[in-house]
Each structure stands twice: as C-alpha cells, then as structure tokens.
Amino acid sequence: VANPTAFDPVAHPAAAKARRDLALQNMLAQHYISRAQYQYSIAQPLPTARDIELLWRQGDGAVAQQKLL
C-alpha cells in the first residue's frame, strides 16, 4: 500500500472499509475464506480509536496490527 495512512480506520473510515472489503472479496475469490467467513467479516465494524489505542498499549505495534486483522 503506497499510502497506508489513507486507509486509517479512524481518520478515513470509508476508505478503510472499502480496502478491507476488497481484501476480503479477493480472499473469497481465491478460496482462502468461505462465504460464511466473508459475510461475517464484512459485517464487522471497523476498529475505533479506543480499540487501536488499547492494542498498542498491550505491547508491540506489529502484534496490535495482527490482532486487528
């Protein structure tokens, strides 16, 4: 991703949701996830600023990012 901050779910929720949904759609098309997993995942809300902050406080930022996926 050339400009990852453009997909920040707090600053740019519409762009983040579109990017997430596209990634999930691609995963479904390539059979990495089932249709049920896809439907469940796209129905999930984006993380809030508080969600992200709590994950960062728990430890390493890379770990926090993985927990959000």
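Student: Which helix is included in what covers the buried residues of H1?

Tutor: This is a predicted model, in which local features need pLDDT of at least 70 and side-chain atom pairs count only at pLDDT 80 or more, while totals for chains, interfaces and linings use all residues. Residues are numbered from 1 along each chain as its sequence is written, and side-chain values use heavy atoms, with hydrogens and water left out. Helices (H or I, at least four residues) and strands (E, at least two) are DSSP runs numbered from the N terminus, buried means under 20% relative accessible area, exposed over 50% and partly exposed in between, with a 1.4 Å probe and protein chains only, and contact means heavy atoms within 4.5 Å. On these terms, the cover over the buried residues of H1 includes helix H2 (35-42).

Student: How many helices does the chain have in its secondary structure?

Tutor: Read from the N terminus on, the elements of the chain run α-α-α-α. Alongside zero strands, the secondary structure therefore comes to a number of helices that is four.

Student: How far apart are the end C-alpha atoms of helix H1?

Tutor: The expected span of a helix is 1.5 Å times one less than its number of residues. For the 17 residues of H1 (residues 13-29) that rule gives 24 Å, which agrees with the separation of the end C-alpha atoms in the model, namely 24 Å.

Student: What arc do the buried residues of H1 cover around its axis?

Tutor: The buried residues of H1 are Ala 16, Asp 21, Leu 24 and Leu 28. They lie on the same side of H1 because the arc they cover around the axis is only 125°. That arc is taken over the directions from the helix axis to the C-beta atoms, and its value is 125°.

Student: Which residues are joined into one network by salt bridges that share partners?

Tutor: With a salt bridge taken as a side-chain nitrogen of Lys or Arg within 4 Å of a carboxyl oxygen of Asp or Glu, a search of the whole structure finds two. Asp 21 meets Lys 17 at 2.6 Å, N to O, and these two, being four residues apart in H1, are separated by about one helical turn. Asp 21 also pairs with Arg 20, the closest N and O atoms being 3.1 Å apart. Through shared partners, the network joins Lys 17, Arg 20 and Asp 21.

Student: Which counts as buried, Asp 21 or Lys 17?

Tutor: Lys 17 has 37% relative accessibility and therefore counts as partly exposed. At 16% relative accessibility, the residue that counts as buried is Asp 21.

Student: Which residue's backbone nitrogen does the side chain of Asp 8 reach?

Tutor: Asp 8 is found in the segment before H1 and, at 29% relative accessibility, counts as partly exposed. Leaving aside its neighbours within four places in sequence, Asp 8 is in contact with Pro 13 and Ala 16. At 3.3 Å, its side chain reaches the backbone nitrogen of Ala 11.

Student: How far apart in space are Pro 45 and Lys 17, C-alpha to C-alpha?

Tutor: Pro 45 is placed in the loop between H2 and helix H3 (49-58), and it is exposed, with a relative accessible area of 65%. Although Pro 45 and Lys 17 are 28 residues apart in sequence, their C-alpha atoms are separated in space by 8.7 Å.

Note on methods
Polar contact = N/O pair within 3.5 Å; in protein donor to acceptor, adjacent residues only side chain to side chain.
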